[in-house]
Amino acid sequence: MKTLDASTNTLASPNASLPVPNTAQLDDRSVRARAESMAVLALGDGLYEVEAESGETYLVDLAAGRCTCPDHVFRGVRCKHVRRVAIEITEGRTPPPGQVAVPCVDCGDRVFLEADDPVVERDGPAYCDAHTIAPGDRVRDRETDGILTVIDVTDRRADAVRIRARQGATTVAEYPTNELYADDVPVVGAVYPHARVAANGPVPASLRVYVFPRTRLERVADR
Ligand SMILES: [Zn+2]
Ligand SMILES: [Zn+2]
């Protein structure tokens with residue numbers, strides 16, 4: 001009966017300073033936008049929460065060029081927080097408006113997804129490029145260490161897909177060895193042994209398909 005943690009799981013950029021280009025052309029706010037340690041959290045709608053070096057948190061509206069900090073509110077200037085958000089987007093550290101950053105289930109790396117992506121909306125498992133699986137990929141079963149070849153990655157939930165088991169029909173989620181895995185993750189079909197199956201190619205009838213909760217499988221490098 002487990003489900004993935006429903007608390008918001010978006011991630012800020014690592015709290016750090018950025019290298020300051022060695023040029024005399026930068027004004028003071030642009031230098032501080034880089035040199036000061038900040039973390040930026042994309043909220044998905046063009047709004048960004050910036051944790052400043054002071055420990056204060058400010059809200060930046062990127063399109064409007066606005067910030068809740070005193071420098072913007074009282075002086076009306078393009079403050080270092082607005083500049084920092086723009087720099088981080090340009091450098092790929094922070095998602096552009098409309099996207100948020102969520103952790104890869106397998107490695108924790110930040111993955112940028114559309115804010116209205118189903119994975120984000122229901123806090124489903126997100127995967128970086130290295131851990132995304134597709135038909136033809138080899139995966140390791142975390143329970144048995146067995147190596148399988150993926151033949152199907154569905155968007156059906158583990159508690160909605162029924163399978164036959166020794167004790168009768170059950171769902172993938174309720175199958176005894178799947179108790180550690182969330183009920184609401186997608187189901188993946190895979191085959192033993194790790195015979196290569198071409199993506200979208202026909203599956204030989206002799207290969208029995210086993211189904212797993214997505215999070216039970218981990219992609220293994222091909223080479
Ligand atoms: Zn500001
Ligand atoms: Zn990953």
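This passage walks through the domains, the two zinc sites and the salt bridges of a predicted model.

The protein falls into two parts, with domain 1 spanning residues 1-129 and domain 2 spanning residues 138-219. Between the C-alpha centres of domain 1 and domain 2 there is a distance of 36 Å. Their contact draws on 10 residues from domain 1 and 14 residues from domain 2. Together, domain 1 and domain 2 bury about 980 Å² between them, and carbon and sulfur atoms account for 44% of that area. One salt bridge is found across the interface of domain 1 and domain 2. A salt bridge also pairs Asp 106 with Arg 142, where the closest N and O atoms are 2.6 Å apart; by the domain bounds, residue 106 falls within 1-129 and residue 142 within 138-219.

Turning to the metals, the zinc ion (ligand 1) is held by the SG atoms of Cys 67, Cys 69 and Cys 79 and by ND1 of His 81, at 2.1 to 2.3 Å. The arrangement is tetrahedral because the four donor atoms around this zinc ion subtend angles of 104 to 115°. Along the sequence, the donor residues of ligand 1 follow the spacing C-x1-C-x9-C-x1-H. Within this set, Cys 67 in strand E4 (residues 66-67) and His 81 in helix H3 (residues 80-90) link distant parts of the chain, 14 residues apart. Cys 67 and His 81 are both buried.

The zinc ion (ligand 2) takes its protein donors from Cys 104 (SG), Cys 107 (SG), Cys 128 (SG) and His 131 (ND1), which lie 2.1 to 2.3 Å from the ion. Here too the site is tetrahedral, with angles of 96 to 115° among the four donor atoms. The donor residues of ligand 2 are spaced C-x2-C-x20-C-x2-H in sequence. Cys 107 sits in the loop between strand E5 (99-103) and strand E6 (110-114), while Cys 128 sits in the loop between helix H4 (118-121) and E7, and this pair links parts of the chain 21 residues apart. Cys 107 has a relative accessibility of 35% and therefore counts as partly exposed, whereas Cys 128, with a relative accessible area of 12%, is buried.

Salt bridges add further links, and the structure holds 13 of them. Glu 36 pairs with Lys 80, the closest N and O atoms being 2.9 Å apart. Glu 36 belongs to the loop between helix H1 (28-35) and strand E1 (39-42) and Lys 80 to helix H3, so this salt bridge ties together parts that are 44 residues apart in sequence. Glu 36 and Lys 80 are both buried.

Another salt bridge brings together the side chains of Arg 140 and Glu 218, at 3.1 Å from N to O. This pair links strand E7 (residues 138-141), which holds Arg 140, with strand E13 (residues 217-219), which holds Glu 218, across 78 residues of sequence. Arg 140 is partly exposed, with a relative accessible area of 22%, and Glu 218 counts as partly exposed at 22% relative accessibility.

The side chains of Asp 159 and Arg 157 also meet in a salt bridge, at 2.8 Å from N to O. Asp 159 counts as partly exposed at 31% relative accessibility, and Arg 157 is partly exposed with a relative accessible area of 34%. Finally, Arg 29, Asp 71 and Arg 75 are joined into one network by salt bridges that share partners.

How values were computed. Residues are numbered from 1 along each chain as its sequence is written. Chains are lettered from A and ligands numbered from 1 in the order in which they are written. This is a predicted model: local features need pLDDT of at least 70, side-chain atom pairs count only at pLDDT 80 or more; totals for chains, interfaces and linings use all residues. Side-chain values use heavy atoms; hydrogens and water are left out. Donors are N, O and S atoms within 2.8 Å of the metal (3.2 Å for Na, K and Ca); water is not among the atoms, so sites may look incomplete. Four donors count as tetrahedral if all angles lie between 85 and 135 degrees; four count as square planar and six as octahedral if opposite donors are over 155 degrees apart and all others between 65 and 115; anything else is irregular. Helices (H or I, at least four residues) and strands (E, at least two) are DSSP runs, numbered from the N terminus. Buried means under 20% relative accessible area, exposed over 50%, partly exposed in between (1.4 Å probe, protein chains only). Domain bounds come from an automatic or database domain assignment. Contact means heavy atoms within 4.5 Å. Buried area is the accessible area (1.4 Å probe) that two parts lose on being put together, summed over both. A salt bridge is a side-chain nitrogen of Lys or Arg within 4 Å of a carboxyl oxygen of Asp or Glu.
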